[in-house]
Amino acid sequence: MPPARPTYDLVIAANRLPVDKVVADDGGVEWRRSPGGLVTAMESVMRNQAGAWVGWAGDSGEAPEPFDEGGIHLHPVPLSADEVRDYYEGFSNDTLWPIYHDVIVPATFHREWWSAYQAVNQRFAEAVAEVAAEGATVWVQDYQLQLVPALVRRLRPDVRIGWFDHIPFPPVELFAQLPWRAQLLEGLLGADFLGFQRQADARNFVRACRQLLGAATKRDRVTVEGSRRQVRAAAIPISVDFQGLEELAKRPDVRERAREIRASLGDPEVLMLGVDRLDYTKGIRHRLKAYEELLSERRIGPPEVTLVQVATPSRERVDAYRQLRSEIEQTVGRINGDLGRIGAPAVHYLHHSYPREEMAALFQAADVMLVTPLRDGMNLVAKEYVTCRHDLGGALVLSEFTGAWHELHQAFACNPHDIEGLKQAILRAINTPAKDKQRIMRALRRRVADHDVQRWASRYLAALAAAPEQPTPEPRGRPTPHAEETPLMPGPTDAAARA
Ligand code: ADP
Ligand code: F6P
């Protein structure tokens, strides 16, 4: 008989493992850090816990054997090439993703994609059931695995089940378009506790249960039909590993690299930076339009001002992403052709992934960070930028349509749809006196330092343990309001006026 596999008291299930398997042309296998905010956040949480991580290794075909890495037990789930197409690229990223992000591009509905989504969710649930110890805590992540909570409950009624939504949860008017809306809600209601980035997301979920399932709801609780079980839905916004990232940013080699980056760009007076997965939700087109207009109107220009845009490769086989890439690259080419000079391009465009050290150096090098999504669950890049600015330098231009905006009100706010307003926000971020910018940066950093990813995880796990009751209030930290207590669109959006 083969030896019994080890089991774990904490199991997380996420579409991706923290590392992706990459097979080179010569057949050699390499493991690379997976893209995205979920991995950044969960990896730093799991490093401090003895737990298992169930997820896809990023490649089609047979899954590698389970292995341990950085103190985490990684349990790969296989996806066939058809499942990568139908479950991941199709249902997750061409059906759910657009619906959950305000239908910025139209959503596509295919019944075969839904079948693949069901089959893959079932496989994840079985893998979780295999590695979870008796009475374990199971923490399911994100929109790719919304059926997993109910499937795990069926297989393992002894475990406690939580789910966290890293992206927005749509208003019921959009969610209702999904032909499988009831099954998705019922899948989620298998959990004991559901966590969201904003209170508005939690409210959207509760409302969807009431209107689409006819479920009884009271404030943040939904009663599951046919049982007396109650599920609590609340906002617990995710964050970054403030201490770890700040330490990295303070390293002499990273600071030297920041200086080197500026020098290699010709030591501009103002270095602007954008860092985004190449995704239509990130507002890269709107940002480039505002920048191009500012250059054409000669209000700013190279070599004094320049923009570095890091556009991280993402979901490259999904049509909307392909189109976006070609549009962005054409626009960058046009801006450089029309408005750049020899030795002084207006946009430095980079389509790569970088190590964490290089990202920290880029953040430190940038005078103005442009975070302009049309819709974003959180946007960890905004929080990483302020974490790296221990020198209190820099200025953050931040879209009101990010989860981060609900915590970082002092930033230079923008509505990316309002190109004129976006241009003004950029100019304010450049021209506000350094002393005022330092005051703003100090306030932003305080918020992120007080609400780091470790606190997020402990708040989440406490809420899960206490659900459906509210956990007892946290003993630590000063009484800064949590995001769930802040208004949806706080007052005037002119950060400089409020500073
Ligand atoms: P999303 O989860 O939608 O990608 P977030 O802003 O929340 O957006 O998280 C993105 C994460 O990916 C951040 O931790 C950021 O530092 C990292 N990241 C983005 N682009 C790159 C890149 N080119 N190289 C390395 N890390 C990147
Ligand atoms: O949070 C949004 C999210 O989809 C995460 O689930 C994921 O880590 C990240 O964006 C990157 O996307 P993908 O895994 O599709 O490359």
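The paragraphs below walk through a predicted model of a protein chain with its ligands, from the overall form to a few local details.

Let us start with the chain as a whole. The protein chain is built from 17 helices and 18 strands. Its C-alpha atoms fill a box of roughly 70 × 55 × 45 Å when the box is laid along the principal axes. How does the radius of gyration fit the number of residues? A compact globule of 499 residues would have a radius of gyration near 23 Å, and the protein chain has 23 Å, so the two agree. Burial adds to this picture: 58% of the 499 residues are buried. The contacts tell us how the chain meets itself. Among contacts with a separation of 6 or more, 74% are between residues 24 or more positions apart. On the outside, the accessible surface comes to about 20500 Å², and carbon and sulfur atoms account for 49% of that area.

Now turn to ligand 1, which is surrounded by 16 residues. The closest of them are Gly 37, Arg 277, Thr 312, His 352 and Glu 384. Arg 277 has a polar side-chain atom 2.7 Å from an oxygen atom of ligand 1. The backbone takes part here too: an N or O atom in the backbone of Leu 380 lies 2.9 Å from an oxygen atom of the ligand, and for a backbone N or O atom of Val 381 the distance to an oxygen atom of ligand 1 is 3.2 Å. Taken alone, ligand 1 exposes 570 Å², and the protein buries 88% of that.

Which elements supply the shell around ligand 1? Helix H1 (37–46), strand S13 (270–277), strand S14 (305–312) and helix H13 (380–388) each supply at least two residues. H13 gives the most, with three residues. Sorted by class, this shell holds six nonpolar, seven polar and three charged residues. It is worth pausing at H1, where eight of the 10 residues are buried. Among the buried residues of H1 are Leu 38, Met 42, Glu 43 and Met 46.

The next stop is ligand 2, with 14 residues around it. Arg 16, Tyr 88, Asp 142, Tyr 143 and Arg 315 are the closest. Several side chains offer polar atoms to this ligand. In the side chain of Arg 16, an N or O atom is 2.7 Å from an oxygen atom of ligand 2. For Arg 315, a polar side-chain atom lies 2.8 Å from an oxygen atom of the ligand, and for the side chain of Gln 144 the distance from an N or O atom to a ligand oxygen is 3.2 Å. Ligand 2 taken alone exposes 380 Å², of which the protein buries 93%. By class, its shell consists of six nonpolar, four polar and four charged residues.

Helix H2 (residues 81–100) provides the largest share of the shell around ligand 2, namely three residues. Also in helix H2 is Asp 86. Is Asp 86 buried or exposed? Asp 86 counts as buried because its relative accessible area is 10%, under the 20% cut-off. The side chain of Asp 86 makes a polar contact with the side chain of Arg 85, at 2.9 Å. Leaving aside residues up to four places away in sequence, Asp 86 touches Phe 91, Glu 112, Trp 113 and Ala 116.

Finally, some backbone details deserve a look. Most residues other than glycine have a negative phi, and most peptide bonds are trans. Against that background, the peptide bond from Pro 302 to Pro 303 is cis, with omega near 5 degrees. Pro 303 sits in the loop between helix H10 (284–296) and S14. Another cis peptide bond joins Ala 467 and Pro 468, with omega about 5 degrees. Pro 468 belongs to the loop between helix H16 (453–466) and helix H17 (495–498).

Two residues with positive phi complete the tour. Val 103, which is not a glycine, has phi near 50 degrees, and is found in the loop between H2 and helix H3 (111–131). With 26% relative accessibility, Val 103 counts as partly exposed. Leu 392 has a positive phi of about 65 degrees and lies in the loop between H13 and strand S17 (395–399). Leu 392 is buried, its relative accessible area being 16%.

Technical notes. Residues are numbered from 1 along each chain as its sequence is written. Chains are lettered from A and ligands numbered from 1 in the order in which they are written. This is a predicted model: local features need pLDDT of at least 70, side-chain atom pairs count only at pLDDT 80 or more; totals for chains, interfaces and linings use all residues. Side-chain values use heavy atoms; hydrogens and water are left out. A residue is near a molecule or strand if one of its heavy atoms lies within 4 Å of it. A polar contact is a pair of N or O atoms within 3.5 Å; within protein, one must be able to donate a hydrogen and the other to accept it, and residues adjacent in sequence count only if both atoms are side-chain atoms. Accessible areas come from the Shrake-Rupley method with a 1.4 Å probe; for residues, only the protein chains shown count as cover. Helices (H or I, at least four residues) and strands (E, at least two) are DSSP runs, numbered from the N terminus. Ala, Val, Leu, Ile, Met, Phe, Trp, Tyr, Cys and Pro count as nonpolar, Asp, Glu, Lys and Arg as charged, and the others, Gly among them, as polar. The radius of gyration is taken over C-alpha atoms; the globule rule is 2.2 Å times the number of residues to the power 0.38. Buried means under 20% relative accessible area, exposed over 50%, partly exposed in between (1.4 Å probe, protein chains only). Contact means heavy atoms within 4.5 Å.
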